[in-house]
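User: I would like a close look at one part of this model, with the terms explained as you go.
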Amino acid sequence: MSFVTDIPPAVSNAAIQHFSGRLSFETDCADVADAFETGAADFVLLHVVGSAQTFAKRHVPGAIHLPHREISEERMREWPKETVFVAYCAGPHCNGADRAALKLANLGRPVKIMIGGITGWEDEGFAFACKAETVAAE
């Protein structure tokens, strides 16, 4: 017996509940890239950390810069209530996406995080945008 099987895997029903639950909170870089590439992006992608200058230097194409500190009821009126948001931050070492997701959920907004953030995007080999044209007004 190994440490892997020392604790047996969950029964299928429990695994279904767990993994479908996780997928309702998370998406990954490949799924976000595919949605933009195929024109199927039915969400707003939010880059939720850093300065406008840092965002302008390197961000996920299609993202809007909206730092989690600036997420408020007033700011979110820009989008219909049913808009799905996907938040991302610097990567696994950063909790900015979680902070943004919590704020959005507290405002009654549907939200997921893009696991991996900038680090994951880079690890997948996806290109970055390097223009300030999508920077949200400050």
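Which residues of the largest nonpolar core touch the most other members?

Analyst: This is a predicted model, in which local features need pLDDT of at least 70 and side-chain atom pairs count only at pLDDT 80 or more, while totals for chains, interfaces and linings use all residues. Residues are numbered from 1 along each chain as its sequence is written, and side-chain values use heavy atoms, with hydrogens and water left out.

The largest nonpolar core has 18 residues, and those that touch the most other members are Leu 46, Val 48, Ile 71, Met 76, Phe 85 and Leu 104. Such a core is a set of buried Ala, Val, Leu, Ile, Met, Phe, Trp, Tyr and Cys residues joined through side-chain atoms within 4.5 Å; buried stands for under 20% relative accessible area, exposed for over 50%, and partly exposed for what lies in between, with a 1.4 Å probe and protein chains only. Two or more residues of this core come from each of E2, E4, H6 and E5, and H6 gives the most, with four residues. These labels follow DSSP runs numbered from the N terminus, helices being H or I runs of at least four residues and strands E runs of at least two. A second, separate core of 15 residues includes Cys 29, Ala 63, Val 86 and Tyr 88.

Leu 104 shows how the parts of the larger core come together: with residues up to four places away in sequence not counted, Leu 104 touches Leu 46, Ile 71, Met 76, Phe 85, Arg 109 and Val 111, where contact is heavy atoms within 4.5 Å. In H6, Leu 104 is buried along with Gly 96, Ala 97, Ala 100 and Ala 101. These residues are on the same side of H6, because they cover an arc of only 130 degrees around the axis, the arc being that of the directions from the helix axis to the C-beta atoms. An α-helix has 3.6 residues a turn, so residues three or four places apart point the same way. Leu 102 and Asn 106, by contrast, are exposed on the other side of H6. Among the elements that cover the buried residues of H6 are E2, helix H5 (73–76), E4 and E5.

The sheet beneath this packing is open, with five strands in the order E1-E5-E4-E2-E3 and parallel pairing; two strands pair if DSSP finds at least two bridges between them. Its edge strands, E1 (26–28) and E3 (64–65), each pair on one side only. Residues named above recur in the strand pairing: E2 (residues 44–47) is joined to E3 by two bridges, and Leu 46 has Ile 64 as its bridge partner in E3. E4 and E5 are joined by three bridges, with Phe 85 opposite Val 111 in E5.

Helix H6 (residues 96–106) lies across E2, strand E4 (85–88) and E5, and runs at about 170 degrees to E5; axes here are lines fitted to C-alpha atoms, for helices over the stretch in contact, and angles run from 0 to 180 degrees between N-to-C directions. Together, E4, H6 and E5 make a right-handed β-α-β unit, that is, with the strands pointing away from the viewer, the path from the first strand over the helix to the second runs clockwise. Just after H6, Gly 108 takes a positive phi of about 75 degrees.
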